[in-house]
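User: Please show me how to read the pockets, strands and backbone features of a model such as this one.

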Amino acid sequence: MKVEFAPLNIPLARRLQTAAVFQWVLSFLLLAEVCIGILVLLILYNYWFLYIPYLTWLYFDWRTPEEGGRRSEWVRSWTVWKYFKDYFPIHLIKTTDLDPSHNYIFGFHPHGVLVAGAFGNFCTNYSAFKELFPGFTAYLHVLPIWFRCPLFREYLMSSGPVSVSKKSLCHVLSKEGGGHISVIVLGGAEESLDAHPGKFTLFIRQRKGFVKMALTHGAYLVPVFSFGENELFKQVSNPEGSLLRTVQDKLQKIMGFALPLFHARGIFQYNFGLVPYRKPIHTVVGHPIPVKQTPHPTSEQIEELHQTYMEELRKLFDEHKGKYGIPEHETVVFR
């Protein structure tokens, strides 16, 4: 295999963009393990004056990810996130204005491998979110397991994510005055295993909990499709029924998160590595679906709203796919 190296005269900005994306990938792949390792070493070498105060703090702070988190505008404004956004680049597109007197659930699709579009648009101050949706606050809901990693949880919360637990969703959606958005990557870990370039498979048919939450709190539903999300990495072929997919599915059920075997480009060469491909991401926010608050929704009401949501999601994809290079015959596949 011929290795294609990056030219030496690449502008400094592009080098910084690549470095920013690389550190972001590593932070999700290795930082949690490193943080756990640091805490273990502190305990083994009996640095009690460091780990006892932190563990005490952790005990009292354990529920914070379910109570709105602890975002830091300083962290969200780090220059590294500007380079991160510009690497792909990431774009946020609004199709209609939202009424700030309501709370909303943004259903984000697809998951992709590492959800770069959701992070870039809703967890940094360098996206167009504040300009497009003034007066709104977005909360990206992620797996609770990430907040169980000591030290790493502090870093993660600082950029804005909160838990995807029921309690966390209730905390956001029950805020009075409106203007609060729960961003949920509905396909979850299972969908990441189908994040192959050119594929648009969405795990949505059995995801109905978000609909019940919307009805319970009267939160409007908004489909969001991130074009380009599945183009950032290549995965080892893992079709349904293959040995690899069987192992991945079993591990996902045991651990709660998936382990896609992915690769893309390197820092100094374009053939193999963990740096995502430089592909544009266009995250399109669709039209809101009005929801009447129903404290105790019936299964029929949930099913009806769920069908409406899927129809609006398909409509959003079909209306915008041509703008982003997707052939007319392509459509989303709901599973």
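**Reading the largest pocket**

Analyst: Helix α1 makes the greatest contribution to the lining of the largest pocket, namely five residues. The model is predicted, so local features require pLDDT of at least 70 and side-chain atom pairs pLDDT 80 or more, whereas totals for chains, interfaces and linings use all residues. Residues are numbered from 1 along each chain as its sequence is written, and side-chain values use heavy atoms, without hydrogens or water. Helices (H or I, at least four residues) and strands (E, at least two) are DSSP runs numbered from the N terminus.

User: How is the volume of the largest pocket read, and what is its value?

Analyst: Rolling a probe the size of a water molecule over the atoms shows where empty space is left. A pocket is an open set of points on a 1 Å grid over the protein atoms alone, where a 1.4 Å probe fits, with protein on both sides within 12 Å along at least five of seven lines; lining residues have an atom within 4 Å of a point. Points are joined across faces, edges and corners, and the volume is the space filled by probe spheres set on them. Here the largest pocket has a volume of about 1100 Å³. Its lining comprises 39 residues, with His111, Leu143, Trp146, Ala189 and Phe257 closest to the centre.

User: Which elements each supply at least two residues of that lining, and how do the residues divide into nonpolar, polar and charged?

Analyst: The elements are α1 (12–44), β3, β5 (180–185), α9 (188–192) and α10 (209–217). The lining holds 29 nonpolar, seven polar and three charged residues. In this scheme Ala, Val, Leu, Ile, Met, Phe, Trp, Tyr, Cys and Pro are nonpolar, Asp, Glu, Lys and Arg charged, and the others, Gly among them, polar.

User: What is the volume of the second largest pocket?

Analyst: The second largest pocket contains about 270 Å³ of space. Among its 19 lining residues, Phe227, Gly228, Glu231, Tyr324 and Ile326 are closest to the centre. Strand β7 (residues 220–227) provides the largest share of this lining, three residues. The division here is eight nonpolar, six polar and five charged.

User: How should the burial of a strand be read, and how many residues of β10 are buried?

Analyst: In a regular strand the side chains alternate between the two faces of the sheet. A residue is buried under 20% relative accessible area, exposed over 50% and partly exposed in between (1.4 Å probe, protein chains only). Strand β10 (residues 281–285) has five of five residues buried, so the rest of the structure largely encloses the strand. Ile281, Thr283 and Val285 point one way from β10, while His282 and Val284 point the other way. β3 is mostly covered as well, with five of its six residues buried.

User: Do the strands that join β10 run parallel or antiparallel?

Analyst: Strands pair if DSSP finds at least two bridges between them. β1 runs parallel to β10, joined by five bridges, and isoleucine 93 has valine 284 of β10 as its bridge partner. β7 runs antiparallel to β10, with four bridges, and valine 224 stands opposite valine 285. Elsewhere, β3 pairs with β5 in the parallel sense over five bridges, and threonine 137 is partnered by histidine 180.

User: Why does cysteine 35 form no bond with the closest cysteine sulfur?

Analyst: A disulfide is a covalent bond between the sulfur atoms of two cysteines. The criterion is a pair of cysteine sulfur atoms within 2.5 Å, and the structure holds zero disulfides. The sulfur of cysteine 35 lies 8.0 Å from that of cysteine 149, too far for a bond. Cysteine 35 is also buried, at 10% relative accessibility.

User: Where are the cis peptide bonds, and which residue other than glycine has phi near 55°?

Analyst: One cis bond joins phenylalanine 88 and proline 89, with omega about -5°; proline 89 lies in the loop between α4 (79–87) and β1 (90–94). Another runs from histidine 109 to proline 110, with omega near -15°. Proline 110 is in the loop between β2 (104–109) and α5 (116–122). Valine 115 has the positive phi near 55° and occupies the loop between β2 and α5. Valine 115 is buried at 14% relative accessible area.
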